[in-house]
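Got your viewer open and ready? Load the model, set it to cartoon view, and follow along one stop at a time.

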Amino acid sequence: MKILYIEDEKEINEWLRAELTKAHYEVYAFKSYHEFKEHHSEEITFDLAILDVMLPGLDGFSIARRLKKEQTDLPIIMLTARSQLEDKLEGLSIADDYITKPFQVEEILARMQVLLRRFEKDEEVISVKHLEINLKNKTIINTNNNQEILLTQKQYALLNYFVVHGNQILTKEQLYEAVWNEEYIDGDKTLMVHIRYLREKIEEDPSHPEIVETIRGIGYRVRL
């Protein structure tokens, strides 16, 4: 397992790198995004990234956004000394987990294992409530009646992005840019309309959705 780790505090960087190496991970540690881009080989694909929030130059949130654009199925853990709710919400709207410093190595190893299992590359079928989603053949079965649910291309792309980023709060900007490959324009109703139609097909009660949750003021989330 190849782990990308960016942390500018030298002692923490060296300590966690050594601990992860002892746990048999292959760690690529850097102190900034600039150093990472300068020394990183494009041939290396990472299985997980650990990013400090407060970094010189580009901060951890911005780095996470760039990494997710390049590799949407890359699990990311944010590390920060800031514990305010707003910071945690911002971290979880971008990354897949958020750990406040100081932390124990056992905690981060456990969190890593959970994310690596969730993003396991050979995982083909994901269950969400009454849905059974086969990522390989792109079929969705309603287990209540064993009927296949047929989605349009954009509806499936939305649902697929949700489950690949399960439990993560996704902003309207992230969803629109990932599915439509265009920059989101504030006020555009396209995403909202597609989510409404998606809910009509997959929710037991579309007026009270339990699969695609609305996170007020931030975006949406699907809990796995």
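Before we start: helices and strands here are DSSP runs, counted from the N terminus, where a helix (H or I) has at least four residues and a strand (E) at least two. Keep in mind, too, that this is a predicted model.

**Stop 1: a cis bond**

Select Lys101 and Pro102. The peptide bond between these two is cis, with omega at about -5°. To place Pro102, look in the loop that runs between β5 (97-100) and α5 (105-118). Hold on to Lys101, since it turns up again at the next stop.

**Stop 2: Asp52**

Now pick Asp52, which sits in strand β3 (residues 48-52). UniProt lists this residue, in an unreviewed entry, as "modified residue: 4-aspartylphosphate". Is Asp52 buried or exposed? Its relative accessibility is 3%, so Asp52 counts as buried, the cut-off for buried being under 20%. Show what surrounds it: leaving aside neighbours within four places in sequence, Asp52 is in contact with Ile6, Glu7, Asp8, Gly60, Leu79, Thr80 and Lys101. There is Lys101 from the cis bond.

**Stop 3: the largest pocket**

Next, switch on a surface and select α3 (60-70), α4 (85-94) and α7. Each of these helices supplies at least two residues to the lining of the largest pocket. Which of them gives the largest share of the lining? That is α3, with five residues. The pocket holds about 350 Å³ of space. It is lined by 14 residues, and the closest to its centre are Arg65, Lys69, Glu173, Gln174 and Glu177.

Stay with helix α7 (residues 172-180) for a moment. Its buried residues are Gln174, Leu175, Tyr176, Val179 and Trp180. To read a list like that, it helps to know that an α-helix has 3.6 residues a turn, so residues three or four places apart point the same way. Just after α7 comes Asn181, with a positive phi near 55°.

**Stop 4: an open sheet**

Move along the chain and select β6, β7, β8 and β9. These four strands make an open sheet in that order, with antiparallel pairing. Its edge strands are β6 (125-128) and β9 (147-148), each pairing on one side only. Zoom in on β8 (residues 139-142) and β9, and you'll find an antiparallel pair joined by two bridges. Ile141 stands opposite Glu148 of β9 there.

Two loops in this sheet deserve a click:

- Lys138 lies in the loop between β7 and β8. Its phi is positive, near 60°, in a residue other than glycine. Lys138 is exposed, with a relative accessible area of 56%.
- Asn146 lies in the loop between β8 and β9. It also isn't a glycine, yet its phi is positive at about 60°. Asn146 is exposed, with a relative accessible area of 61%.

Now add helix α6 (residues 153-164). The helix lies across β6, β7 (131-134) and β8, running at about 95° to β7.

**Stop 5: a hairpin**

For the last stop, select β11 and β12. Strand β11 (residues 212-215) pairs with strand β12 (residues 219-222) in the antiparallel sense, over four bridges. One bridge to pick out links Ile215 with Gly219 in β12. How many residues lie between the two strands of this hairpin? There are three, and Gly217 in the turn has a positive phi of about 85°.

Note on methods: Residues numbered from 1 in each chain as written. Predicted model: local features only at pLDDT ≥ 70, side-chain atom pairs only at ≥ 80, totals over all residues. Heavy atoms only, no water. Pairing = 2+ DSSP bridges. UniProt positions renumbered as here; feature names shortened; annotations may be inferred. Buried < 20%, exposed > 50% of the residue type's maximum accessible area, 1.4 Å probe, protein only. Contact = heavy atoms within 4.5 Å. Axes fitted to C-alpha atoms, helices over the stretch in contact; angles between N-to-C directions. 1 Å grid on protein atoms, 1.4 Å probe; cavity = no way out; pocket = protein on both sides within 12 Å on 5 of 7 lines; lining within 4 Å. Points joined across faces, edges and corners; volume = space filled by probe spheres on them.
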